[in-house]
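Work through the following exercises with the sequence and the model at hand, and compare each step with the solution given beneath it.

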Amino acid sequence: MYRYDEFDETIVRERVKQFRGQVARRLSGELTEEQFKPLRLMNGLYLQLHAYMLRVAIPYGVLSSRQLRRLAHVARRYDKGYGHFTTRQNIQYNWPALVDVPDILDALADVEMHAIQTSGNCIRNVTSDQYAGAAADEVEDPRPWCEIIRQWSTFHPEFSYLPRKFKIAVTASPHDRAAVKVHDIGLILKKGEGGKTGFEVIVGGGLGRTPYIGHTIRDFLPKEHILSYLEAIMRVYNLNGRRDNLFKSRIKILVNTEGPENFRDQVEAEWEKIRDCDIDIPREEIERIKRYFAPPAFEALPGESASFEAARARDAGFDRWVRVNVVAHKVPGYAIANVSLKEPGRPPGDATAEQMEAVADLGERFSFDEIRVTHEQNLCLPHVRKDDLYAVYQALKEAGLAAANVGLASDIIACPGLDYCDLANARSIPIAQALAERFAASGEEEDLGELKINISGCINACGHHHIGHIGILGVDKKGEEFYQITLGGSGAEDASLGEIAGRGLSSSEVVDAVERLARFYKRERREGERFLDAYRRLGHDAFKGAIYADA
Amino acid sequence: MPTLKLKDGVLTVSADRPETEITLEAWRAGARPEGGRFALVLPNDVDVAEAAEALARVDAVILHFPVFKDGRAYSQARLLRERYGYRGEIRARGEVLRDQVLFMARAGFDAFEAAEKDAPGFAEALSEFSVVYQSAADGALPAWRRRAAARAAAA
């Protein structure tokens, strides 16, 4: 993984020093809260319902065990002993004291981490495929490009006061695990003519109150031009994006108002003028960054492991965990092990300091010191020998992290909701907990197969309900919490936006309704058909009917 | 409002007499600077290409930050410097605050309308970062160039 050199280190340290000064000015009263707000927001510090919330970037989801241990330390020393992993490969602490934040940032800087641009109307943390460097289906490792974009976007003087926040995701596999089509910019690394790789550039996707699937404005961009091309997109957006209305200021509105072709023409015209202007980094710098992501020293192993198969035959719980949570690795004898943070009954995406340390230990011992954070709010050990999977499983079980539900109904993505967030209309976590417990207890979860449930506590859609196979949106109806169901969304390569299904339901009704949907699917499905496939075949009305069947 | 001017990395309170300001409309209507110093005032929603012709005739261009969050003038300034080769003064007017002044300088601004008492804070803000990652209009070497130079020196 990437390691800071003196230049990276200096930038992060100088940022901490600057923020320490800003906090001191606030604490002394020199700055009012109103004046301090834009400054703290540039550094991921929000004022929430009960306290400050600090969002820390985990660039493209990659952590070393040392970094994860430091996150655990911060949780224990400065928070209430836990942290919350988000859908954009960040971690949030919900209870830090303002006076401690500069010290937290120093503790993070010690392990090459920061909270730079985790909020504000700037380019946010670049996200990627959690299986990067391990996935059997990837064209090349996307992480060097993520790091290149991270550096370019950090304190970009022209693009730090954009009309609105800006999110970039990068993937390099035909199977999209980074939801690139619902980002402001989505980049897909793919092979072009002559076997060279380049980027498909997708612009204007997004969720929130006006969801859109992004438009491809360039099928193939030679990789070495990525920064100048991004700069052209950003400049067109910075100059032309709306600033008069907060809800119409994302790039998706500009792209769809101007029309994707017209927008593309503007970008291409701008790019022609700047493509040779010293923005793109030279080959040597690309190679320097790539070297940090060289594959670890994989052993030459047989594809099959006798001890692994024996453990599966012996331990049904392990066998199920392998079936559900373990994914094929590109190197024979290795596997990708997902660590679910969706233990039924626990807030989705939360991990205690002890759990973080347990995963850090496993990463160090069994996964070449690497841990990944997924956009589905889970963790992942990307490079585990099949021979070691049973030991990993047993340690995870000990730590309360062996839920075998990745991609299943109880692997729910949920925003913090009304329990923490001052924008929310309704609670998300209790609904997620109730649903997860219901499905886990049913014993039918694995049989139901891939079923993505997403819950947002308000129309800002932080739980990405638009792209859930089943989406749940919290709404406020005369001071009471209600939930609206959307159906048929997807954030993967077959991206689509869910369609609203009828009137809102109370918190007690919504859990039953989702269970009825699952039952209806089970009855109607054909061989090998996922929930989403059955929905697409049978249509919205058929499924909508199931929601209200017994109500 | 006094103007703080940045020259060779040093920020000073300007004692210059203010220029005569002309708007883009006036320029288009045929007004031309004659004698004395002139500043062209550009709102932040105009394409700076429209001002290209006027640049050779004015001593300063004034760009606007109606609120600090409205960052259009950063792009305008870079375009003036990098695309139109404008070497005169580019001055920031409006909500010009300490915490944006480094970004402004990097985008090509070298003058800031602000209170005299802001000068020390602005000067401090301008020196808070010694490394940058990207090239812009201020000529600062991006980290990748400094890395290459360090490699070359070591070789």
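**Exercise 1.** In which helix of chain A is A:Q151 found?

*Solution.* A:Q151 belongs to helix α5 of chain A, residues 143–153, where a helix is a DSSP run of H or I with at least four residues, numbered from the N terminus. This is a predicted model, in which local features need pLDDT of at least 70 and side-chain atom pairs count only at pLDDT 80 or more, while totals for chains, interfaces and linings use all residues. Residues are numbered from 1 along each chain as its sequence is written, and side-chain values use heavy atoms, with hydrogens and water left out.

**Exercise 2.** Determine whether A:Q151 is buried or exposed, and list its contacts.

*Solution.* Because its relative accessible area is 6%, A:Q151 counts as buried (under 20%, with a 1.4 Å probe and protein chains only). Leaving aside neighbours within four places in sequence, its contacts (heavy atoms within 4.5 Å) include A:D8, A:E285 and, from chain B, B:Y133, B:Q134 and B:R147. The C-alpha atoms of A:Q151 and A:D8 are separated by 8.5 Å, although the two residues lie 143 residues apart along the chain.

**Exercise 3.** Find the salt bridge that joins B:R147 to chain A, and place it within the interface.

*Solution.* The side chain of B:R147 meets that of A:E285 in a salt bridge, with 2.7 Å from N to O; the criterion is a side-chain nitrogen of Lys or Arg within 4 Å of a carboxyl oxygen of Asp or Glu. Between chain B and chain A the count is nine salt bridges, and 32 residues of chain B are in contact with 44 residues of chain A.

Technical notes: Chains are lettered from A and ligands numbered from 1 in the order in which they are written. Helices (H or I, at least four residues) and strands (E, at least two) are DSSP runs, numbered from the N terminus. Buried means under 20% relative accessible area, exposed over 50%, partly exposed in between (1.4 Å probe, protein chains only).
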